[in-house]
Structures are given as C-alpha cells and as structure tokens.
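This report describes selected features of one protein chain. The sequence and the model come first, followed by notes on strands, helices and a cavity.

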Amino acid sequence: MATGEVKVNAEVRDLTRIERIGAHSHIRGLGLDDALEARAVSQGMVGQIRARKAAGVILNMIKEGKIAGRAVLLAGQPGTGKTAIAMGMAKALGEETPFAMMASSEIFSLEMSKTEALTQAFRKAIGVRIKEETEIIEGEVVEIEIDRPEAGGVAKTGKLTLKTTEMETIYDLGTKMIESLTKEKVTSGDVITIDKASGRIGKLGRSFARSRDYDAMGPSTKFVQCPEGELQKRKEVVHVVTLHEIDVINSRTQGFLALFSGDTGEIRTEVREQIDLKVAEWREEGKAEIVPGVLFIDEVHMLDIECFSFLNRALENDMAPVLVVATNRGITKIRGTQYRSPHGIPIDLLDRLLIISTEPYTEKEIRLILDIRCEEEDVEMTEDAKELLTKIGFETSLRYSIQLITAAAIVCMKRKATEVEIEDIGRVYSMFVDVKRSTQFLMEYQEQYMFNEVPVQEAEAMETSPH
C-alpha cells in the first residue's frame, strides 16, 4: 500500500433481500414520541416503558455523536425483550449509522485472536462519511444516433443530443458509451445523468414534455422536469463506509473482494494506524466526518476475562463506538476465573456501564405481543384461542407461546379451516412440551436416561418444590 494513500471503495452493492419472518422482524423502532415518552404499543414494541425511555436517551446520545466509548448493559430475565430493544435502537438510528451485532460465542469460533475479532467488531461500528465532488452531465435526451456497420457487429460511433431548458449540445459517442446507453435502454425523452469520471449513466425518469406521448409505459414510469441551467454540473456525492471496510480494502492484495468472501484475516496494526491518520487528515480538510455507531454484543457473559480487560481499554479510545451489551445471567462466575460477579462481568467494567433492566411482561402485554406476532405471521386466530395462548405464555414463557402460533396455523390448515381455534392450540400444546413439563418428564424417567447426574434425593426435592 502506497504511503499516505488510502483507498475507499464506494461501490453500491444491491443485494436482493429474501423476506423471511424472524423473531424480531415486527420491530420498526423504539416506539417513542418526540419527548422520549414511550407509547404503550408502537412500532412493534410493547411494554418495557422504563427500559425503552432509557434506550431513547442513549439513542439521542449516539445521534449527537459527541461522546465516545459509552457502554450500556441491558440486563433482564430470558424473554423480556433485551434483543428487541437493541433491534429497535438499530431501526431508529436509520441506514447511515453503523450498527454491528454479534454474539459473544462468535469470538471463540473465528480463525483469529479474540482481541482481533473484537477490534474488527469495534471498527465495523464506526462509519466515515466521505464527501467528494464529481462532475456530471445532466439533461433530457433529444436524439440518439448510432452508426451501425453494414456487415453487422458492434456499433463503433454515434451521436447523443442532450438539452436543458437553456441549452442543447451534441456529444460524440464511443463504443463503451453506446453499450451503456443500450444497457440502460435510454430513449429520446429520458432525463439522464452521466458521471464524467466513471462514465456511469443514471436514468432519472421521463420528461414531462413526453407525458402525453402514446408510449408503452408501465404504471411505475416516473416523470421529471427538464433540467435547468448548464448541462455540466458539479455535484457533491456522500458515501458512508465503515473503518473496517477501509481496513480490509487496504490490507489485502485482492482489495474489496475480501469484503464479499469474508476472509479478512488478521489486519496489521500499522495498516490501521495509517488509516486513522489519513481519516484524521480528511476530517481536518473537511472531506470526511466520523459517524460513531453502535456495537451490540449479545450474551456478554460468554466473554472471558481477557476480552473484558480488552473492552475496558478499547472504550477509552476516542474512536470507540457506543457499546451495548445484553445478558440474562444473575450472579455467576466470570469466564476464565473462579470469581463470581453480577451478570458474569468484572466489577471494574460494570462500573463503566449504564445499566438498563428489563422486567417480565404482564398478561396484558403478552396478549398485545401475540396480537402483533399473529399479524406478522399472517395467522387468523379466534379471541378464545388468543386468550388460551396468552395464558400459556404467562404460565410457561412468551417464547414458547410465540412458537406455537405457526404450529397451530399448520394444524388448522390440515383440517381445512381458516381460523385457528382452541382445539388447534390444545393439539400443538400436547405435541410440543415446554421446559417445565420436559423437566418434570425427566424427573419421572431419569433412571432410563444415560449419564443422569441428579441424585434421587435432589430429584425428589425438585419435584416437591413450588415450581
């Protein structure tokens, strides 16, 4: 890599998304109003009023982007919406703010050191907004003339006439531009932009002057005004890339292809230092600005003491993102030591964290969540069936009752019905057991299982306990 030269790939990657319904696909945001008051049910979020308010305050802190290295802990029992709040924060931040999400156990399964994996995660959560000026030609196509050879083959030359409200110019075309125009299916009456540096052609729409023409146009045809002023314009283009993407492009011989293969490997410290210097230079020149994002680490108790001490140090860096971690553990051992600590996190790191606690859902809130999930999974259900499912969710767990929705819908389809009824819920409830019934079954038949470690007296005590 040449000294002082940092490559930034601003290629737009259009990926076809396959829509699938996930555990948190119904969440659109945190459901807060402008005064940071949590609405009872909004943007897929239900209940957890205090936790959502607190998350809203953190969100404002992230948007201002002034304070680096703040850390937040979402602590609560399983199934109380910790990941949902983190997902809500990601949605509320929008597309431009980087949001990197990982589970702690990922760090131990990668072919690199734990600290390198954490460094990469940190740098994925810091964006750089790069501004650059490009020269473009923007106008309405009046006419395209392409000279095709008599013997056939590829057209070598042609002419393109473009106009604005004030001027009209004829441009000579080469083979490459003719191919681009043919590929974009540009015809007279289209309003187009041509990037002078790359030769990329963009179609803005059809001119309003052609709106009365009897062309074969679909309902999606967009009409735009004929551009004003000069044909050649200077336009400011803004790209947002993460520091990790810049690291990968500059550290590997195959450049940005490593981003797609995922084989980034360990990145040398010198490369990162050089990139940080260059980004600082761009900031001083006003070419770029830092967009601090969020790094969300789920199941944080799975990290070991080395990772925790690294996090402690990394949070002191002025380029650190806002760290959000979640755990469902109580007082437990810190991984890699014999010491017990709240949430399995060392006290010195806990002291740095702003702790948001989540509370168990009430029966009414479980009902509202089940309503949202039925709508999301496109399942019609009777009121009685919903009442029963709510009761099951309250007595067992919310996750178990949510998983019964689609199973009940399939059972309902088998009997050629359109609405899930009580009998369908009853059938799937007997088919799939929850944790409590499964444990009870194990206690009854423990002698028949291999490697049973619960002594008989302990098992009897568990059976007679209030649970």
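## Strands, helices and a cavity

Strand β6 pairs with strand β7 (residues 168–173) in the antiparallel sense, over 6 bridges. Two strands count as paired if DSSP finds at least two bridges between them; strands (E, at least two residues) and helices (H or I, at least four) are DSSP runs numbered from the N terminus. The model is predicted: local features need pLDDT of at least 70 and side-chain atom pairs count only at pLDDT 80 or more, while totals for chains, interfaces and linings use all residues. Residues are numbered from 1 along each chain as its sequence is written, and side-chain values use heavy atoms, with hydrogens and water left out.

Between β6 and β7 runs a hairpin connection of 4 residues. Strand β6 also pairs with β5. The table lists strand pairs with their bridges and a facing residue pair.

| Strand pair | Sense | Bridges | Facing residues |
|---|---|---|---|
| β5 (126–147) and β6 (157–163) | antiparallel | 7 bridges | Glu145 and Lys159 |
| β6 and β7 (168–173) | antiparallel | 6 bridges | Thr161 and Ile170 |
| β3 (71–75) and β17 | parallel | 5 bridges | Ala71 and Leu353 |

An open sheet is formed by 5 strands with parallel pairing, in the order β4-β13-β14-β3-β17. Its edge strands, β4 (99–103) and β17 (353–357), each pair on one side only. Neighbouring strands of this sheet are turned by 20 degrees against each other on average, direction ignored. Helix α2 (residues 82–93) lies across β3, β4, β13 (294–298) and β14, and runs at about 160 degrees to β4. Angles run from 0 to 180 degrees between N-to-C directions, and axes are lines fitted to C-alpha atoms, for helices over the stretch in contact; contact means heavy atoms within 4.5 Å.

Elsewhere in the sequence, the axes of helices α13 (residues 398–414) and α14 (residues 422–431) come within 9 Å and cross at roughly 115 degrees. The contact involves residues including Tyr400 and Leu404 of α13, and Ile425 and Tyr429 of α14.

The structure holds 1 cavity of 30 Å³ or more. A cavity is a set of points on a 1 Å grid over the protein atoms alone where a 1.4 Å probe fits but cannot get out, and lining residues have an atom within 4 Å of a point. The largest cavity has a volume of about 40 Å³, the volume being the space filled by probe spheres set on the points, which are joined across faces, edges and corners. Its lining is made up of Val300, Phe308, Leu311, Leu323, Val325, Ile345, Leu349 and Leu353. Helix α9 (305–314) and strand β14 (322–327) each supply at least two of the lining residues.

Definitions and conventions: 1 Å grid on protein atoms, 1.4 Å probe; cavity = no way out; pocket = protein on both sides within 12 Å on 5 of 7 lines; lining within 4 Å.
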